[in-house]
Amino acid sequence: MALTIGVDVGGTKIAYGVVGDDGAIIERGLRHSPAGSPEKMALTIADAVTELATRHEVEAVGIGAAGFVDETRSVIRFAPNLAWREEPLREKVGELVGLPVVVENDANAMAWGEYRFGAGRGESHVVCVTVGTGIGGGIVLGGRLYRGRWGMGAELGHMQAVPGGRACGCGNSGCWERYASGSSLLMEAKDNAQADPEGAEHLLRLGGSVEGIQGEHVTEAARLGDRAALAAFESLAGWLAQGLADMAAVLDPGCFIIGGGVSGAADLFVDRVREEFAARLTGRGHRPLAEIRVAEMGPSAGLVGAGDLARLR
Ligand SMILES: [Zn+2]
């Protein structure tokens, strides 16, 4: 079996592992992410790769990184949560480990992992939406990962949903991720608790106060029937459905996959997303409906996807 190494680099952790051509992780590890230093980051990744490469015969390395990666899959132009600016990561790590290296955007790697081995298996046109603190995404069209002309495609979270709306970390305002992400879910729950404390009994008990409410409290309270928490999920579902309907108008995928941290609470909102999607889709009633599925691979999707993309380099 042809083996590769997949690496998933985030702001706090580096997850890495040996990936088989069936998507199985044969050995895995986890290290602290030296997010503030590009030099230490390259060394840490290379050290992790070398450790695995001494025990397994691997042919290439795929690195999924939270940033804007250029179209040659070599340079990270910019990373909002890491210190990379025009960072030639492919070259740096390649020289240190002596293996072919490819660098991918982490959401692209995750989408590829789910497409090949998870919820997207058997589909050819897949849009993966990663709903966490923000919204990331990856697009597979006709069995190929769509990167765009300069590698910057599929930044789904930064489509403008509301002109003049909430400020976004990207410098624009009204971006979709300011309405349909985990952070917007929390913000809405807090607003609801403030406006209607009687309907937020569980939220306020769990958080101690409006300010003390955390993301996990919103899920827990919603499961207990808390009105304010349920209304926040209802709002999330509406915004998600609108974004998916807009993407379906452009891309016409066979399937959407909802992943990321918030997908752990998918039972609280995914049916509602399906209903709202069907109600908002252009041409509805005269076209097949894309399936809306929940991601299956959890946090491993990025690592497995990066390893698999390295094999297909
Ligand atoms: Zn934005």
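Two strands pair if DSSP finds at least two bridges between them. I start from that rule, and I keep in mind that this is a predicted model.

**Strand S1 and its partners**

I looked first at strand S1, residues 3-9. Six bridges join S1 to strand S4, residues 58-65. S1 and S4 run parallel. I picked out one contact point in this pair: Gly-6 has Gly-62 of S4 as its bridge partner.

Then I turned to strand S2, residues 13-19. S1 pairs with S2 over six bridges, in the antiparallel sense. Here Val-9 stands opposite Ile-14 of S2. How many residues does the hairpin from S1 to S2 run through? I found three residues in the hairpin that joins S1 to S2.

Next I asked about cover. Are the residues of S1 buried or exposed? Seven of its seven residues are buried, and the strand is mostly covered. I checked each face in turn. On one side Leu-3, Ile-5, Val-7 and Val-9 are buried. On the other side Thr-4, Gly-6 and Asp-8 are buried. Both faces of S1 are covered.

**Helix H1**

I moved on to helix H1, residues 38-53. H1 has 16 residues. Its first C-alpha and its last are 22 Å apart, close to the 22 Å expected at 1.5 Å a residue.

I listed the buried residues of H1: Met-41, Ala-42, Thr-44, Ile-45, Ala-46, Ala-48, Val-49 and Leu-52. An α-helix has 3.6 residues a turn, so residues three or four places apart point the same way. What covers the buried residues of H1? The cover includes S1, S2, strand S3 (25-32), S4 and helix H2 (89-97). So S1 turns up again here, as part of the cover for H1.

**A sheet of three strands**

I then traced an open sheet of three strands, in the order S5-S6-S7. The pairing is antiparallel. Strand S5 (68-69) and strand S7 (85-87) stand at the edges. Each of them has a single partner strand, so one side of each lacks a neighbour in the sheet. Strand S6, residues 76-78, pairs with S7 over two bridges. Within that pair, Phe-78 has Arg-85 of S7 as its bridge partner.

**The zinc site**

I went to the zinc ion next. Which residues coordinate the zinc ion? I noted His-158 through ND1, and Cys-168, Cys-170 and Cys-175 through SG. The distances are 2.0 to 2.4 Å. In sequence these donor residues are spaced H-x9-C-x1-C-x4-C.

Why is the arrangement of donor atoms tetrahedral? The four donor atoms subtend angles of 107 to 117 degrees around the zinc ion, and the arrangement is therefore tetrahedral. The limits for that call are 85 and 135 degrees. For four tetrahedral donors the ideal angle is 109.5 degrees.

I also looked at how covered the cysteines are. Cys-168 and Cys-175 are both buried. Cys-175 counts as buried because its relative accessibility is 1%, and buried means under 20%. Cys-170 is partly exposed, with a relative accessible area of 40%.

I searched for disulfides too. A disulfide is a covalent bond between the sulfur atoms of two cysteines. The count comes to zero disulfides.

**Arg-205**

My last stop was Arg-205, which lies in helix H5, residues 201-207. Arg-205 counts as exposed because its relative accessibility is 51%. I compared its position with Gly-285, 80 residues apart along the chain. Their C-alpha atoms are separated by 45 Å.

Note on methods: Residues are numbered from 1 along each chain as its sequence is written. This is a predicted model: local features need pLDDT of at least 70, side-chain atom pairs count only at pLDDT 80 or more; totals for chains, interfaces and linings use all residues. Side-chain values use heavy atoms; hydrogens and water are left out. Donors are N, O and S atoms within 2.8 Å of the metal (3.2 Å for Na, K and Ca); water is not among the atoms, so sites may look incomplete. Four donors count as tetrahedral if all angles lie between 85 and 135 degrees; four count as square planar and six as octahedral if opposite donors are over 155 degrees apart and all others between 65 and 115; anything else is irregular. Buried means under 20% relative accessible area, exposed over 50%, partly exposed in between (1.4 Å probe, protein chains only). Helices (H or I, at least four residues) and strands (E, at least two) are DSSP runs, numbered from the N terminus. A disulfide is a pair of cysteine sulfur atoms within 2.5 Å. The expected span of a helix is 1.5 Å times one less than its number of residues. Contact means heavy atoms within 4.5 Å.
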